[in-house]
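This report concerns the cysteines of one protein structure and the question of which of them are joined. The sequence and the model are shown first.

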Amino acid sequence: MKALKLQSLYSFELKPKNPFNFYLTASCYNFNWWFNGSKCLIPISKDPPLIAVAHQPHDKVVVDIYGEKSVDHINVEEFVQWALGLNEDLTGFYNVIEDDAILREVPRSLQGMRMRATGFWNALLIAICQQNTSFIQGWSMLCRIYKLFGMKVKLNGIKSILPLSPRDFLTSEAEAKLREAKVGYRAKTIMHAASMIEKGYFEHLERLKDEEAEEKLKEIKGVGSYTARLTLVLSQRRYSLLPLDRWLKRLAEEIYKLKNVEEELKARWKEWCGLAVFFTTVVLDAEVLSKALRRALNGDVKPSCQYEKLSPLTLWMHAIC
């Protein structure tokens with residue numbers, strides 16, 4: 001299918017709360033159709049198509065908006081600020097992890113880096129694809145899903161993809177496409193989640209308390225606490241939630257010598273649990289458990305930014321699907 005050409009609509013500048021590292025924020029857990037080493041593309045809407053292109057040539061972040069037409073129902077400036085975490089103050093987080101055996105490198109090597117937030121449906125897809133699998137396998141699944149279902153667009157010479165809507169997974173071709181994406185058992189979870197969203201089941205999720213929102217998401221067949229919490233961290237920045245999987249549990253047991261891992265990690269990381277989990281995967285390059293354990297035990301907790309190593313920070317440099 002021919003790429004849809006989007007036109008330049010308008011531009012604006014945003015002032016981030018310092019310290020802010022645009023490159024690290026934009027590059028982490030990203031694909032090369034959304035980050036090219038200098039510009040970060042932030043999908044805003046698929047219908048109508050709307051995308052932000054952000055870069056930081058000076059102290060402010062410059063944002064160019066492309067689409068077919070402007071939209072009135074979205075505060076675009078606010079959305080971009082939220083997606084890039086420009087107004088976040090991580091001083092409290094840095095204080096909590098200053099002497100952390102795994103996370104102590106974050107305030108040094110990754111100072112000013114924010115976690116990019118994303119829309120609810122996209123966050124849910126990311127979380128489902130990360131179930132019971134490695135970083136590379138999970139993001140390869142996600143890559144194939146985007147390429148099979150996404151809308152191809154072109155703007156100012158840049159080729160990109162607008163993410164899918166839940167409705168895209170309820171067509172007669174959806175099941176075959178998911179098989180092609182090699183998502184395995186997750187196909188049924190994705191399709192059930194899409195159906196529930198289209199029926200309005202998760203409207204006003206942001207109004208619920210953390211525990212209530214988690215329980216609501218767990219009503220999707222195939223979604224447990226890890227997937228629900230990760231979705232809420234990525235889509236609503238609910239950092240007080242702890243997405244705990246077997247990888248993190250084993251790390252906590254071996255490195256921190258914890259017994260009641262969930263309770264003790266919450267006490268350790270306080271209101272920053274979700275962000276701490278995110279950065280744990282980054283500093284250990286989302287290695288498989290055996291390698292992550294070996295590195296953490298040896299104090300090797302500085303993340304890789306080199307092309308030769310596929311990691312969250314270099315994902316955008318590689319064609320993984």
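The model is predicted. A search of the whole structure finds 1 disulfide. The bond is formed by Cys-143 and Cys-321, whose sulfur atoms lie 1.9 Å apart. This separation qualifies because a disulfide is a pair of cysteine sulfur atoms within 2.5 Å. The two partners belong to distant parts of the chain, 178 residues apart: Cys-143 is in helix α6 (residues 135–149), whereas Cys-321 is in the segment after α14 (289–297). The link of Cys-143 and Cys-321 is left-handed, with -60 degrees about the S-S bond.

Which cysteine sulfur is nearest to that of Cys-28? It is the sulfur of Cys-305, 9.1 Å away, and Cys-28 is in no disulfide. For Cys-273, the closest cysteine sulfur is in Cys-28, at 19 Å, which is too far for a bond.

The surroundings of these cysteines can be described by their relative accessible area, as tabulated below.

| Cysteine | Relative accessible area | Class |
|---|---|---|
| Cys-143 | 3% | buried |
| Cys-321 | 34% | partly exposed |
| Cys-28 | 3% | buried |
| Cys-273 | 0% | buried |

Within the disulfide, Cys-143 is buried, while Cys-321 is partly exposed. Cys-321 falls in that class because its relative accessible area is 34%, and partly exposed covers values between 20% and 50%. Cys-28, which is in no disulfide, counts as buried. Cys-273, with its sulfur 19 Å from the closest cysteine sulfur, also counts as buried.

How values were computed
Residues numbered from 1 in each chain as written. Predicted model: local features only at pLDDT ≥ 70, side-chain atom pairs only at ≥ 80, totals over all residues. Heavy atoms only, no water. Helix = DSSP H or I, 4+ residues; strand = E, 2+ residues; numbered from the N terminus. Buried < 20%, exposed > 50% of the residue type's maximum accessible area, 1.4 Å probe, protein only.
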